Amino acid sequence: MIIAVDETGDFRDTKGEKFGLVTLVTITDSEWGKFTTFMTTIFPNGFTGIKGKNLTKEQKERILRYIGSKP
């Protein structure tokens with residue numbers, strides 16, 4: 001199983017209070033091959049070390065839709 005964790009920087013709500021977000025994504029061993037194939041369609045040269053801040057809006061949307069379609 002692959003477990004990925006990432007955190008955001010500080011945000012501020014409308015009252016000025018700081019908050020941050022932590023994201024946890026787990027990918028089962030049986031799903032890893034499908035996910036790798038999907039990611040290769042977006043990043044044909046490999047996707048090791050990709051950071052969200054370096055993705056286009058369209059790339060982010062495709063990845064989030066894919067992850068969101070899984071249980």
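## The buried side of α1

In helix α1, the buried residues are Glu31, Phe35, Phe38, Met39 and Ile42. Buried here means under 20% relative accessible area, exposed means over 50%, and partly exposed is in between, using a 1.4 Å probe and protein chains only. These residues cover an arc of only 100° around the axis, which puts them on the same side of α1. That arc is the one spanned by the directions from the helix axis to the C-beta atoms. Flip to the other side of α1 and you'll find Asp29, Ser30 and Thr37 exposed.

What lies over the buried residues of α1? The cover includes β4 (22-27) and α2. Contact, by the way, means heavy atoms within 4.5 Å. Glu31 is worth a look: this α1 residue has 16% relative accessibility and therefore counts as buried. Leaving aside neighbours within four places in sequence, Glu31 is in contact with Tyr66 and Lys70.

## What kind of model this is

This is a predicted model, in which local features need pLDDT of at least 70 and side-chain atom pairs count only at pLDDT 80 or more, while totals for chains, interfaces and linings use all residues. Residues are numbered from 1 along each chain as its sequence is written, and side-chain values use heavy atoms, with hydrogens and water left out.

## The two helices, end to end

The 14 residues of α1 should span 20 Å at 1.5 Å a residue, and the end C-alpha atoms of α1 are 21 Å apart, which agrees. The expected span is 1.5 Å times one less than the number of residues in the helix. Helix α2 has twelve residues and reaches 16 Å from its first C-alpha to its last, close to the 16 Å expected.

Which residues of α2 are buried? They are Gln59, Ile63 and Tyr66. Seen down the axis of α2, these fall within an arc of 65°, so they line one face of the helix. Their cover includes α1. The face of α2 turned away from that buried side carries the exposed residues Lys57, Glu58, Leu64, Arg65 and Gly68.

## Aromatic rings

The structure holds four aromatic pairs. Rings of Phe, Tyr and Trp (its six-membered ring) pair if their centres lie within 6.5 Å; planes under 30 degrees apart count as stacked, over 60 as edge-to-face and the rest as tilted. One of the pairs is Trp32 with Phe35, which is tilted, at 5.6 Å centre to centre with 40° between the planes. Trp32 and Phe35 sit three residues apart in helix α1 (residues 29-42), so about one helical turn separates them. Is Trp32 buried or partly exposed? With 32% relative accessibility, Trp32 counts as partly exposed, whereas Phe35, at 10%, counts as buried.

Then there's Phe38 with Tyr66: their ring centres are 4.2 Å apart and their planes are at 10°, so this pair is stacked. Because Phe38 lies in helix α1 and Tyr66 in helix α2 (residues 57-68), the pair ties together parts that are 28 residues apart in sequence. Phe38 and Tyr66 are both buried. Put it all together and you get one aromatic cluster, formed by Trp32, Phe35, Phe38, Phe47 and Tyr66.

## The whole chain

Stepping back, the protein chain has two helices and four strands, in the order β-β-β-β-α-α along the sequence. Helices (H or I, at least four residues) and strands (E, at least two) are DSSP runs, numbered from the N terminus. The C-alpha atoms fill a box of roughly 45 × 25 × 20 Å, taken along the principal axes. A compact globule of 71 residues would have a radius of gyration near 11 Å, but this chain has 14 Å. That radius is taken over C-alpha atoms, and the globule rule is 2.2 Å times the number of residues to the power 0.38.

Of the 71 residues, 15% count as buried. The accessible surface comes to about 5,900 Å², of which 56% belongs to carbon and sulfur atoms. Accessible areas come from the Shrake-Rupley method with a 1.4 Å probe; for residues, only the protein chains shown count as cover. Among contacts between residues at least 6 apart in sequence, 28% join residues at least 24 apart.

## A spot in the loop

Thr56 lies in the loop between α1 and α2. At 39% relative accessibility, Thr56 counts as partly exposed. The C-alpha atoms of Thr56 and Glu7 are separated by 19 Å, with the two positions 49 residues apart along the chain.
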